[in-house]
Amino acid sequence: MAESMMSKAATMEIPINSNGDSRNLAEDDSLEQAAKVQWSLREKDLQQVMVSGPNLNETSIVSGGYGGTTEGIIPTSSIKDLRMKSRGVSIAPSQIAACRIASQSDDIPCIPGSNMHHTSSNSSMTAEEATRGIAVEKFDIVKKWGLNTYKCTKQMISERFGRGSRTVDLELEAQIEVLRETKRKYESVLHLARALTNHFYSMVQTQHALGDTFADLSQKSPELRDEFGYNAETQKLLCKNGETLLGAINFFVSSINTLVNKTMEDTLMTIKMYENARLEFDAYRADLEELNLGPRDAVTMARIEAAQQQYQIHKDKYERLRNDVTIKLKFLEENKVKVMHKQLLLFHNAISAYFAGNQQQLEQTLKQFNIKLKPPGADKPSWLEEQ
């Protein structure tokens, strides 16, 4: 109803004559009289529209020719849009109008911007609660770590000075000590084997250079061609057998390195975890014994109950790791016997065949242990890799 009234009030017919032609003066007077009558009839509607407020976006201008039968209606809203587009201004939908439409359809009062304020406040509260929860969790972790470190340090100092008791598994401790001693000896074997490999590699390279020199001299010294030729062939044969022996020694060194620095080291890491669990277990055990010797009031009973729970947790952890260490030590011993039996047999047969000059036996030894020699120059990078 309001829109029809505003469109009526905002629409006016503006007559346009042909620049004051005297022949049309009578018709102009009649048109003026008709316009006055029409204006008096619509004056009341116009006053009502002015009270309620006109909608300028729906105002239209009617233009027509004098005495014409057609008229053109141009909404001012389209003119406004064209002006805004020409200026490069985008028209955003009115939030107040959206709220007014929603309130008219749902009969619910709408406050512009209230949803945005509620959403932002809820998101800020959620972020604040999440940050507070993370801070509290980190504080609890640091608190537990500090308390555990204090108890373990106290237990360690008490054991060093002979004031505290410690849990000891004599059989397991003896096996651990044997493993550490075996590792030290195997590390010595590994060090010596690597030194032998380096020295023998230098000798093979010297033999190779000496053989090339003998071969060159046999070409340049006709009177000693046969003598230089025999020595060149001998050095080349020794060089070839030396490279075969180097392949066997390198395989021996690689296997010992895997056994010492991977298999044994993994078992020793488990042993270290077991020893830490043992220290924690004794620390909480001593704490529980100290609380049991004190008074039995309500506060102390609550602390005793909490200490009992911690004691049971660390006891289970200690027993679990002790079983893991026992199993790993057993498998390590079996694996060590198998690996060393194979590697020691390989080392003995390869060294014996080389120094006996038995080339066939040396090659057969490598085939027996599935050792493949790298071709000469395989370790050197290619031309593309050097670039």
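Colleague: Hi! What is the mean pLDDT of the protein chain, and what share of its residues reach 70 or more?

Modeller: The chain averages a pLDDT of 75, and 65% of its residues reach 70 or more; pLDDT is the predictor's confidence in each residue, from 0 to 100. This is a predicted model, where local features need pLDDT of at least 70 and side-chain atom pairs count only at pLDDT 80 or more, while totals for chains, interfaces and linings use all residues. Residues are numbered from 1 along each chain as its sequence is written, and side-chain values use heavy atoms, with hydrogens and water left out.

Colleague: Where is confidence highest, and where is it lowest?

Modeller: Helix α7 (residues 170-220) is highest at a mean of 94, and strand β2 (residues 60-63) is lowest at 41. Helices (H or I, at least four residues) and strands (E, at least two) are DSSP runs, numbered from the N terminus.

Colleague: And over which residues does pLDDT stay under 50?

Modeller: Residues 1-28 are one such stretch, with 30 contacts beyond four places in sequence in the model. Residues 101-114 are another, with 8 such contacts. Contact means heavy atoms within 4.5 Å. Where pLDDT is low, the predicted coordinates should not be read in detail.

Colleague: Fair enough. How many residues does α8 have, and how far does it reach?

Modeller: Helix α8 (residues 225-292) has 68 residues and reaches 97 Å from its first C-alpha to its last, close to the 100 Å expected. That expected span is 1.5 Å times one less than the number of residues.

Colleague: Where is the kink in α8 centred?

Modeller: On Glu265, with an angle of about 35°. The bend at a residue is the angle between axes fitted to the seven residues ending there and the seven starting there.

Colleague: Asn241 is in α8 too. Is Asn241 buried or exposed?

Modeller: Buried, at 6% relative accessibility; the cut-offs are under 20% relative accessible area for buried, over 50% for exposed and partly exposed in between (1.4 Å probe, protein chains only). Not counting residues up to four places away in sequence, Asn241 touches Tyr354, Gln359 and Leu362.

Colleague: Switching helices, what is His314 in contact with?

Modeller: His314 lies in helix α9 (residues 298-355) and is buried at 11% relative accessibility. Beyond its neighbours within four places in sequence, His314 contacts Asn148, Glu280, Phe281 and Tyr284. Its side chain also reaches the backbone oxygen of Gln310 at 2.8 Å.

Colleague: Last one: how many disulfides are there?

Modeller: A search of the whole structure finds 0, taking a disulfide as a pair of cysteine sulfur atoms within 2.5 Å. Cys152 is buried at 11% relative accessible area, and Cys239 is buried at 4%.

Technical notes: Polar contact = N/O pair within 3.5 Å; in protein donor to acceptor, adjacent residues only side chain to side chain.
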